[in-house]
Amino acid sequence: MYNKATTNKRVLVTGGAGFLGSHLCDRFIAEGYHVIAMDNLITGNLRNIEHLFHLPQFEFYNCDVSKFVHVPGNLDYILHFASPASPIDYLKIPIQTLKVGSLGTHNLLGLARAKKARILVASTSEIYGDPHVHPQNEDYWGNVNPIGPRGVYDEAKRFQEAITMAYHTFHGLETRIVRIFNTYGPRMRLNDGRALPAFVGQAIRGEDLTVFGDGSQTRSFCYVDDLVEGIYRLLLSDYVYPVNVGNPDEITIKEFAEEIIKLTGTSQKIIYKPLPTDDPKQRRPDITRAKEILGWEPKVSRSEGLKVTYDYFKNLPSEELKTEPKEFSSYSK
């Protein structure tokens with residue numbers, strides 16, 4: 001995979017110590033880039049990138065991009081992945097969530113303009129809200145409650161898309177927008193409240209699995225390696241409008257909980273609690289655009305990806321396995 005043509009190219013990955021950001025760092029290192037990871041570690045973890053610290057082509061900056069961003073030297077690409085990404089985070093750090101999507105994006109667009117770099121921003125399926133269109137395609141404008149508990153994330157990402165396109169149309173900046181659907185894999189935070197880590201954590205601790213509502217709400221889970229491939233292709237493409245990247249294999253949350261019980265070999269039962277405010281009833285990407293423009297579609301089956309992810313969680317330190325989220329989420333991301 002190593003490419004000599006990229007050895008002098010430099011890429012900045014914000015949120016580089018997070019789940020997706022760290023996997024992107026790995027991919028760009030493997031492709032031969034010089035990688036600069038940036039993270040304020042509010043939700044990221046240095047453990048995710050410590051295996052890269054010894055490499056001369058890797059740097060790490062502890063920085064809050066919402067306040068100020070400076071990177072010496074040239075930059076070819078910027079990938080803006082700094083943001084809290086689970087509903088528990090939105091409730092605990094709502095202001096930071098809004099700021100990194102707005103002020104942070106503004107700072108990074110300014111940096112991209114100054115460096116004449118191409119920038120890809122990480123948007124989300126959450127911009128569709130609780131959708132009236134199914135599956136969701138990029139031309140759907142969404143159904144979002146701007147003042148609900150989820151609005152701090154949803155609206156920050158919608159603003160992020162708007163300012164990114166404004167920089168493209170007004171300044172001629174090279175921009176890319178990826179709308180990421182539910183993703184899973186190694187390095188997820190076990191206690192962040194999202195569906196897979198929540199269910200696996202409960203199973204490992206011998207607890208019953210908590211499903212909100214009647215479990216009929218649907219999600220579509222994409223393995224992280226597939227997602228990274230889609231993002232990489234989008235960055236290097238010539239397409240400036242939003243592109244959905246996710247796995248269209250849809251499943252109900254109840255069925256997903258049952259899969260986790262089977263995978264972990266535990267005997268817990270499923271318990272039900274009230275559905276949180278503004279929880280999306282269905283989530284499935286229309287990836288027609290990604291197929292046509294990027295030649296991309298997911299390759300890893302859910303059964304295959306879940307085995308790898310479960311093995312990762314089983315090998316976490318025992319004290320981390322015992323840490324429960326302070327409250328569970330709607331599992332929408």
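## An aromatic cluster and its neighbours

Start with the aromatics: Phe28, Tyr33, Tyr77 and Tyr232 come together as one cluster in this predicted model. One of those rings, Tyr232, also has a charge on top of it: the charged end of Arg27 sits over the ring, 4.3 Å from its centre.

Leu235 ties in here as well, since this residue touches two members of the cluster, Phe28 and Tyr77. Let's follow that leucine next.

## Leu235 in helix α6

Leu235 belongs to helix α6, which covers residues 224–235. Is Leu235 buried or exposed? With a relative accessible area of 0%, Leu235 is buried, because anything under 20% counts that way.

Leaving out residues up to four places away in sequence, Leu235 touches Phe28, Tyr77, Leu79, Arg118, Leu120 and Arg176. Take Leu79 from that list: 156 residues separate Leu235 from Leu79 in sequence, yet their C-alpha atoms are 8.6 Å apart in space.

## A tilted pair of phenylalanines

Across the model, the count of aromatic pairs comes to 13. Phe53 and Phe60 make a tilted pair, because their ring centres are 6.4 Å apart and their planes meet at 45°. That angle is neither under 30 degrees, which would be stacked, nor over 60, which would be edge-to-face.

How exposed are the two partners? Phe53 is partly exposed, at 40% relative accessible area. Phe60 is partly exposed too, at 24%.

## Lys157, a buried lysine

Now for a charged residue. Lys157 is part of helix α4 (residues 151–171). Lys157 is buried but makes no salt bridge. Which side chain of opposite charge is nearest to Lys157? That would be Glu161, and it is 8.8 Å away. A salt bridge needs the charged atoms within 4 Å, so Glu161 doesn't qualify.

What Lys157 does have is a backbone partner: a polar atom of its side chain lies 2.7 Å from the backbone oxygen of Ala122. Ala122 also turns up among the residues Lys157 touches, along with Ser83, Ser123, Thr124 and Ile127, again not counting residues up to four places away in sequence.

## Ser86, tucked in a loop

Last stop, a serine. Ser86 is in the loop that links β4 (77–80) to α2 (87–92). Being in a loop doesn't leave Ser86 on show here: its relative accessibility is 0%, so Ser86 counts as buried.

Which residues does Ser86 touch, not counting those up to four places away in sequence? Asp192 and Arg194 are its contacts.

Key: Residues numbered from 1 in each chain as written. Predicted model: local features only at pLDDT ≥ 70, side-chain atom pairs only at ≥ 80, totals over all residues. Heavy atoms only, no water. Helix = DSSP H or I, 4+ residues; strand = E, 2+ residues; numbered from the N terminus. Buried < 20%, exposed > 50% of the residue type's maximum accessible area, 1.4 Å probe, protein only. Contact = heavy atoms within 4.5 Å. Phe/Tyr/Trp six-rings, centres within 6.5 Å; stacked < 30°, edge-to-face > 60°. Lys NZ or Arg CZ within 6 Å of the ring centre and 35° of its normal. Lys, Arg positive; Asp, Glu negative; His and termini not counted. Polar contact = N/O pair within 3.5 Å; in protein donor to acceptor, adjacent residues only side chain to side chain.
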